Amino acid sequence: MSAIVLDKVSRWYGNVVAVNDVSMTIGPGITGLLGPNGAGKSTLIAMMGGFLAPSAGSVTLDGTGVWKSPAIYQRIGIVPEAEAMYDMVTGAQFLLANARLHGLPDAGAAARRALELVDMVEPSTRPIATYSKGMKQRIKMATALVHDPEVLLLDEPFNGMDPRQRLHLMDLLRGLAAEGRTVLFSSHILEEVEQLASTIEVLVSGRHAASGDFRRIRRLMTQRPLQYTVSSSDDRRLAAALVADGSVDGVTLADGALAVQTSQDGRFVLALPRLARDAGIRLLEVSPTDESLESVFSYLVAR
Ligand SMILES: Nc1ncnc2c1ncn2[C@@H]1O[C@H](COP(=O)(O)OP(=O)(O)OP(=O)(O)O)[C@@H](O)[C@H]1O
């Protein structure tokens with residue numbers, strides 16, 4: 001049973017703060033690292049795998065620092081997001097080379113076992129250049145598993161996979177977690193994380209925004225006030241009616257439409273057509289704004 005502990009970890013690239021003072025513990029089972037693009041997930045995973053030094057703070061695996069530690073590399077498998085691979089060699093040759101790099105006693109057997117795990121034995125005689133995106137992803141996965149690591153870190157592993165490959169990988173990760181391994185994968189898709197992870201860590205703009213199970217994260221996200229753009233035949237009177245009704249938190253008139261903010265979404269969508277009808281106002285447009293994933297995540301940070 002292995003645990004990765006991040007203690008006040010930051011990483012900056014020049015002026016860009018990619019990871020900002022993050023503390024978390026990743027234990028056995030499956031953890032989902034959720035965050036919009038550019039949140040710092042790849043940077044965090046690279047630091048957990050010992051491939052990138054934190055600018056401040058520490059990352060340890062069972063108490064030992066991971067940065068530049070060969071003993072730790074034997075215990076961690078990492079599936080990077082980057083697609084570049086050695087295209088000219090076959091999948092089997094690539095796996096064998098990796099097994100040898102790890103100094104495994106029976107590199108051939110280890111390479112075969114890893115190819116079997118990801119269902120890539122048959123295509124492994126072909127050059128990697130001929131593989132689909134999903135097949136390349138599985139070869140990267142096999143490479144991460146060839147030395148039978150206790151900890152597996154995967155950066156956006158489902159990108160480019162079709163539904164069947166996705167289910168296969170999910171089963172594989174569940175099996176590895178059931179054996180007591182520590183599995184962490186990153187994603188920007190909440191539903192993907194929901195299907196697989198028992199614990200979710202949310203990263204936004206480099207900061208650790210939330211932590212917990214799916215239900216907790218979903219609850220935090222749905223408590224967020226919502227914004228609507230409303231235009232009508234008489235915006236001023238409609239604004240007054242909405243404020244008097246009390247189902248909105250705020251209404252402003254801007255650019256010929258109303259910007260409405262409400263934390264009682266259900267009540268607002270029922271009240272709006274009723275109020276308009278009673279006042280003889282015609283609704284021309286009602287559309288939710290600010291529904292982007294980024295804004296949902298930002299809300300978690302701003303709380
Ligand atoms: N080598 C680098 N040099 C400069 N800035 C970098 C470097 N790597 C990452 N960044 C910046 O750090 C921030 C975090 O990037 P990172 O790739 O870790 O995020 P991410 O959550 O993995 O995003 P994505 O899902 O888009 O890969 C971004 O602003 C990115 O532009």
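Ala, Val, Leu, Ile, Met, Phe, Trp, Tyr, Cys and Pro count here as nonpolar, Asp, Glu, Lys and Arg as charged, and the others, Gly among them, as polar. By this division, the shell around the ligand in this predicted model consists of four nonpolar, seven polar and two charged residues.

The shell comprises 13 residues, and those closest to the ligand are Tyr-13, Ala-18, Lys-41, Ser-42 and Thr-43. Two elements contribute two or more residues each to this shell, namely strand β2 (16-26) and helix α1 (41-48). The largest share, three residues, is that of α1.

From the ligand the reader may turn to helix α4, which spans residues 107-117 and has as its buried residues Ala-110, Ala-111, Ala-114 and Leu-115. These four lie on the same side of α4, because they cover an arc of only 135° around the axis. The general geometry of helices is relevant here: an α-helix has 3.6 residues a turn, so residues three or four places apart point the same way. The buried residues of α4 pack against two other helices, α3 (91-101) and α5 (133-145). On the face turned away from the buried side, α4 carries the exposed residues Ala-109 and Glu-116.

The backbone beyond this helix also deserves attention. α4 is followed by Asp-119, whose phi is positive, near 60°. Most residues other than glycine have a negative phi. Asp-119 is situated in the loop between α4 and α5. It counts as partly exposed because 15 C-beta neighbours lie inside 10 Å, and a residue is exposed only with 12 or fewer such neighbours and buried with 20 or more.

A further positive phi occurs at Lys-68, which is not a glycine and has a value of about 55°. Lys-68 belongs to the loop between strand β5 (64-65) and helix α2 (70-73). With 10 C-beta neighbours inside 10 Å, Lys-68 is therefore classed as exposed.

The last region to consider is helix α9 (residues 235-245), in which Ala-241 is found. Ala-241 has 19 other C-beta atoms within 10 Å and is therefore partly exposed. Leaving aside residues up to four places away in sequence, Ala-241 touches Leu-275 and Ala-279. Between Ala-241 and Ala-92 there are 70 Å in space, C-alpha to C-alpha, and the two are 149 residues apart in sequence.

Conventions:
Residues are numbered from 1 along each chain as its sequence is written. This is a predicted model: local features need pLDDT of at least 70, side-chain atom pairs count only at pLDDT 80 or more; totals for chains, interfaces and linings use all residues. A residue is near a molecule or strand if its C-beta atom, placed from the backbone, lies within 6 Å of it. The arc is that of the directions from the helix axis to the C-beta atoms. Two residues are in contact if their C-beta atoms, placed from the backbone, lie within 7 Å.
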